[in-house]
Amino acid sequence: MKSIKFLALALVLSAGAFSANAETITMASTTSTEQSGLFSHLLPAFKQASNIDIKVVAVGTGQAIDMARRGDADVLFVHDTAAEEKFVAEGFAARRFPVMYNDFVLVGPKNDPAAVKGKDIAAALKKVATSNAAFVSRGDKSGTDAAERRLWTQAGADAGQQVPNDKKGAGYRECGCGMGPALNIAASSNAYVLADRGTWLSFKNRADLAVLVEGDKRLFNQYGVMVVSPAKFPQLNSAGAQKFVDWVISPAGQSTIASYKIGGEQLFFPNAGQ
């Protein structure tokens, strides 16, 4: 009987030691991948394939890139192609891999007081400004914020002209917050907001909001993934990070992304092979 008890105790201690020594990587990523529910679907599949746990720090893309620049993340999974390419050019990653895409949508009150509904995002933003409609901007240096700033520039009176905040209408406000909180503010204040489609589809507190502008090619939203440079930061788990990158761009990872749906609607579209 004693031998059985000792064996059971040894098995428990062995399991605890295995759990404590399980391999872990840290991922700096965006709020959209987290708040859309994608990671709750994707990461367990990776864990099953690799036995590697991933600790996700979900912040705006700008903050995620800054985190990786400090060597505080093993892998970076974000959506601002220009900033990602700069990150690689400066030697913080050897290569950027495209992973998936979806699109941005302009969400606003169903009664559409600024009459923006359609497929032209630049025209819609001009109408928001000229009508002084309530508009919630992330203002947090995220990938969505970077895309919004580019779109405001395209909506400027002169091509490529930077649009100052005071020219975006009296109703323009920056929240300095993530996508979910920005949508909550828009819902409570009957305001317009630019959102990634994934977070919008998973957002429950829609109140009187609806998608008003979609389908403009300028609303394309590409995601990329990178292993943070082991040459710059040898303390990182670069081998584990590479395993994740290899998996997420493989047929198994890509099909897992494609299989994530809400209400039968696919949120992200894999394109690693393109």
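Okay, let's start with one term: buried means under 20% relative accessible area. Take Ala-133 as the test case: its relative accessibility is 9%, so Ala-133 counts as buried. And before I go further, please keep in mind that this is a predicted model.

So where is Ala-133? You'll find Ala-133 in the loop between H6 and E5. Leaving out residues up to four places away in sequence, Ala-133 touches Ala-114, Val-128, Gly-171, Tyr-172 and Tyr-192. There's also Ala-170 to look at: 37 residues separate Ala-133 and Ala-170 in sequence, but their C-alpha atoms are 7.2 Å apart in space.

Let me zoom out for a moment. The protein chain has 274 residues, and 50% of them are buried. On the secondary structure side, we have 11 helices and 12 strands. If you take the contacts with a separation of 6 or more, 75% are between residues 24 or more positions apart. The accessible surface comes to about 12,700 Å², and carbon and sulfur atoms own 55% of that.

Back to H6, since we were just beside it. What does H6 meet in H7? On the H6 side we have Ile-121, Ala-122, Leu-125, Val-128 and Ala-129, and on the H7 side Leu-151, Trp-152 and Gln-154. Val-128 is a nice one to click on, as Val-128 is also on the list of residues that Ala-133 touches. As for the geometry, H6 covers residues 121-130, and its axis comes within 8 Å of the H7 axis, with a crossing of roughly 80 degrees. That makes H6 roughly perpendicular to H7.

Just ahead of H7 there's a backbone detail. In general, most residues other than glycine have a negative phi. Lys-141 has a phi near 60 degrees, so a positive value in a residue that isn't glycine. Lys-141 sits in the loop between strand E5, 135-137, and helix H7, 143-154. Is Lys-141 buried or exposed? Its relative accessibility is 64%, so Lys-141 counts as exposed.

Asn-190 is another one with a positive phi, near 55 degrees. This time we're in the loop between helix H8, 179-189, and strand E7, 192-196. Asn-190 is partly exposed, with a relative accessible area of 35%.

Next, the other helix pair, H3 and H10. H3 runs over residues 38-50 and H10 over 238-248; they pack at an angle of about 115 degrees, and their axes are 11 Å apart. That makes H3 roughly perpendicular to H10. The hand of the crossing is right-handed. From H3, the contact uses Leu-42, Leu-43, Ala-45, Phe-46 and Ala-49, and from H10 it uses Lys-243, Phe-244, Trp-247 and Val-248.

Now follow Leu-43, Phe-46 and Phe-244 over to Ile-54, because those three residues are also in contact with Ile-54, along with Ile-25 and Met-27, once we ignore neighbours within four places in sequence. Ile-54 lies in strand E2, residues 52-58. Ile-54 is buried, at a relative accessible area of 17%. Ile-54 and Phe-244 are 190 residues apart in sequence, and 9.1 Å apart C-alpha to C-alpha.

One more buried position: Asn-102, in strand E4, residues 97-109. The relative accessible area of Asn-102 is 4%. What does Asn-102 touch? Not counting residues up to four places away in sequence, the list is Asp-196, Arg-197, Gly-198, Leu-219, Phe-220, Asn-221, Tyr-223, Leu-267 and Phe-268. Pick Leu-219 from that list: Leu-219 is 117 residues from Asn-102 along the chain, and the C-alpha atoms are separated by 8.8 Å.

Last item, the cysteines. How many disulfides does a search of the whole structure find? One. That disulfide joins Cys-175 to Cys-177, with an S to S distance of 2.0 Å. The torsion about the S-S bond is about -85 degrees, so the disulfide is left-handed. The two ends fall in separate accessibility classes: Cys-175, at 25% relative accessibility, is partly exposed, whereas Cys-177, at 14%, is buried.

Okay, that's my tour.

Notes. Residues are numbered from 1 along each chain as its sequence is written. This is a predicted model: local features need pLDDT of at least 70, side-chain atom pairs count only at pLDDT 80 or more; totals for chains, interfaces and linings use all residues. Side-chain values use heavy atoms; hydrogens and water are left out. Helices (H or I, at least four residues) and strands (E, at least two) are DSSP runs, numbered from the N terminus. Buried means under 20% relative accessible area, exposed over 50%, partly exposed in between (1.4 Å probe, protein chains only). Contact means heavy atoms within 4.5 Å. Accessible areas come from the Shrake-Rupley method with a 1.4 Å probe; for residues, only the protein chains shown count as cover. A disulfide is a pair of cysteine sulfur atoms within 2.5 Å. Axes are lines fitted to C-alpha atoms, for helices over the stretch in contact, and angles run from 0 to 180 degrees between N-to-C directions. Angles under 35 degrees count as roughly parallel, over 145 as roughly antiparallel, 65 to 115 as roughly perpendicular and the rest as oblique. A crossing is left-handed if the near helix is turned anticlockwise from the far one by less than a right angle, and right-handed if clockwise.
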